[in-house]
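Dear colleague,

Please find below the structure that I am handing over to you. My notes on its aromatic pairs, one of its helices and its nonpolar cores follow.

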Amino acid sequence: VSTFFPDAVATALESMATTSGALSLLAGISLALGDCGIALTIEQIGIGVGPPIIFTTNIVFRSSIDYALSEDKSTCRGACLGFSVCVAVVGILLNSLASAAKPPPISEAEKEGLLVDGVASAPPAADRWRRTLELGACVTVGIFSGGWSPLLTAASDVSSGNDGNYLWGFYVIFQVGECLALAALVALAALAHHALGGKARADGDGKPQALCGGNWKAALRVYGVPASTGIVIGTGFVCYFLTTSADFASSTSYALGSCCSLVSMAYSYFVFREYEHAPPSVVLPFKLAGACYAVAIFILALSEPVFCV
C-alpha cells in the first residue's frame with residue numbers, strides 16, 4: 001500500500017484520533033473476532049457447514065446495511081435485495097441440516113442403547129440441539145466477520161478526505177486493528193490453555209511441535225501454509241479496496257467476493273470429501289443450499305448494474 005500510495009501511512013497517523021480512524025480500528029477488531037470464529041467453526045463442524053453459513057450471513061448483513069444507508073431505495077433494488085436475502089436464508093437453514101451427525105462414544109452409546117448395527121448414533125433431541133447451537137454460532141460469527149465492511153463504509157462517509165490516500169489510510173488503520181485484536185485473542189487463548197493445565201504438543205523427538213524439530217516439512221506445514229493463507233486473504237482485501245476506490249457498486253463487489261461460500265462447499269465436497277459416506281438426507285440439503293447461495297449471489301450481484309438502472 002505504501003508503495004502505490006506513499007502518503008497512506010501518514011494519513012493513517014493523522015486519522016487515528018478521528019471518528020473515521022476509530023471506525024476503521026473497530027472494523028479491524030470485528031474482522032479479527034470473525035476470523036477466530038471461522039477457524040473454530042471449521043475445526044468443530046467442518047468446512048462444508050461453518051464457512052458457507054458465515055459468508056452467506058455476511059452477504060445478508062452487509063447488503064441489508066448497504067441498502068439501508070444508501071440513497072437509492074428504488075422498488076427494483078429493494079425487491080432484488082429482498083429476494084436474495086430470502087433465498088440466502090433458506091440456503092443457510094438447509095446448510096445447517098447438512099451438518100454431519102456427531103454420535104456419542106461407543107461406550108456411552110452401549111449404556112444408553114444407541115448402537116445401530118454396531119455404530120453409535122446420537123439421539124434426535126441431542127442432534128437437533130447441536131444443529132441449533134451450530135447455526136446460532138455461525139450466524140453470530142458471520143455478523144462479526146461481516147461487520148468490518150459497514151464500519152469502513154461509515155468511516156469513509158464521515159471523513160473529509162476525498163482522495164485515495166484517505167481510503168488507503170483507513171485500510172492501514174483497519175489492518176492495525178486486526179493485528180492488535182488477533183494478538184490479544186491469541187494471548188488470551190494461551191493463558192486459558194495454560195490455566196486449564198494444557199501442554200504443548202510434542203513430535204516424535206519430544207520437542208514442541210511449533211519448533212518443528214528441524215524438520216523442514218513440518219516447518220512448512222506449521223508456518224508456510226498459514227502464511228500462504230494470510231497472503232491470499234490480504235490480496236483479496238486489497239482487491240476489495242480497489243473496487244471501492246473505483247466507485248464500483250459496493251453491494252455488487254461484496255456479493256461477488258462472497259462467492260467464497262460456494263468455494264468452501266466445493267472444497268468440502270470434492271477435495272476433503274466430508275460428505276463421501278453421508279446419507280442422502282444430509283447430502284441433498286447440502287446441494288440445495290449451494291444452489292440457493294448461487295441464486296442469491298447472482299441476483300444480488302446483477303441487481304444494481306443490470307436489472308435496476
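A residue is called buried under 20% relative accessible area, exposed over 50%, and partly exposed in between. Tyr267 has a relative accessibility of 44%, and therefore counts as partly exposed. Its partner Phe272 reaches 52% and so counts as exposed. The two rings form a tilted aromatic pair, with 6.3 Å centre to centre and 35° between the planes. Please bear in mind throughout that this is a predicted model.

Aromatic residues

The structure holds 8 aromatic pairs. One of them, Phe5 with Trp168, is stacked, at 5.1 Å centre to centre and 25° between the planes. Phe5 belongs to the segment before helix H1 (8-15) and Trp168 to helix H8 (residues 164-195), so this pair ties together parts that lie 163 residues apart in sequence. The two partners also fall into separate accessibility classes: Phe5, at 25% relative accessibility, is partly exposed, whereas Trp168, at 2%, is buried. Both rings belong to one aromatic cluster, formed by Phe5, Trp148, Trp168, Tyr171 and Phe174. Elsewhere, a charge meets a ring: the charged end of Lys73 sits over the ring of Tyr67, 5.9 Å from its centre.

Helix H3

Of the 20 residues of H3, 15 are buried, which leaves the helix mostly covered. Its end C-alpha atoms are 28 Å apart, in agreement with the 28 Å that 20 residues should span at 1.5 Å a residue. Thr57 lies in this helix, which covers residues 50-69. With a relative accessible area of 6%, Thr57 is buried. Leaving aside residues up to four places away in sequence, Thr57 touches Ile92, Val139, Gly142 and Ile143.

Nonpolar cores

The largest nonpolar core has 30 residues, and those with the most contacts inside it are Ile53, Ile54, Tyr275 and Tyr293. Two or more residues each come from helix H2 (19-45), H3, helix H4 (75-97), helix H6 (124-146) and helix H12 (280-307). H12 gives the largest share, with 9 residues. Around Ile53, again not counting residues up to four places away in sequence, the contacts are Ile92, Asn95, Ser96, Leu135, Cys138, Val139 and Tyr293. A second core, separate from this one, has 13 residues, among them Ala8, Leu152, Phe174 and Phe237. Phe174 is thus named twice in these notes, in this second core and in the aromatic cluster.

With kind regards

Terms used: Residues are numbered from 1 along each chain as its sequence is written. This is a predicted model: local features need pLDDT of at least 70, side-chain atom pairs count only at pLDDT 80 or more; totals for chains, interfaces and linings use all residues. Side-chain values use heavy atoms; hydrogens and water are left out. Rings of Phe, Tyr and Trp (its six-membered ring) pair if their centres lie within 6.5 Å; planes under 30 degrees apart count as stacked, over 60 as edge-to-face and the rest as tilted. Helices (H or I, at least four residues) and strands (E, at least two) are DSSP runs, numbered from the N terminus. Buried means under 20% relative accessible area, exposed over 50%, partly exposed in between (1.4 Å probe, protein chains only). A charge sits over a ring if NZ of Lys or CZ of Arg is within 6 Å of the ring centre and within 35 degrees of the ring normal. Contact means heavy atoms within 4.5 Å. The expected span of a helix is 1.5 Å times one less than its number of residues. A nonpolar core is a set of buried Ala, Val, Leu, Ile, Met, Phe, Trp, Tyr and Cys residues joined through side-chain atoms within 4.5 Å.
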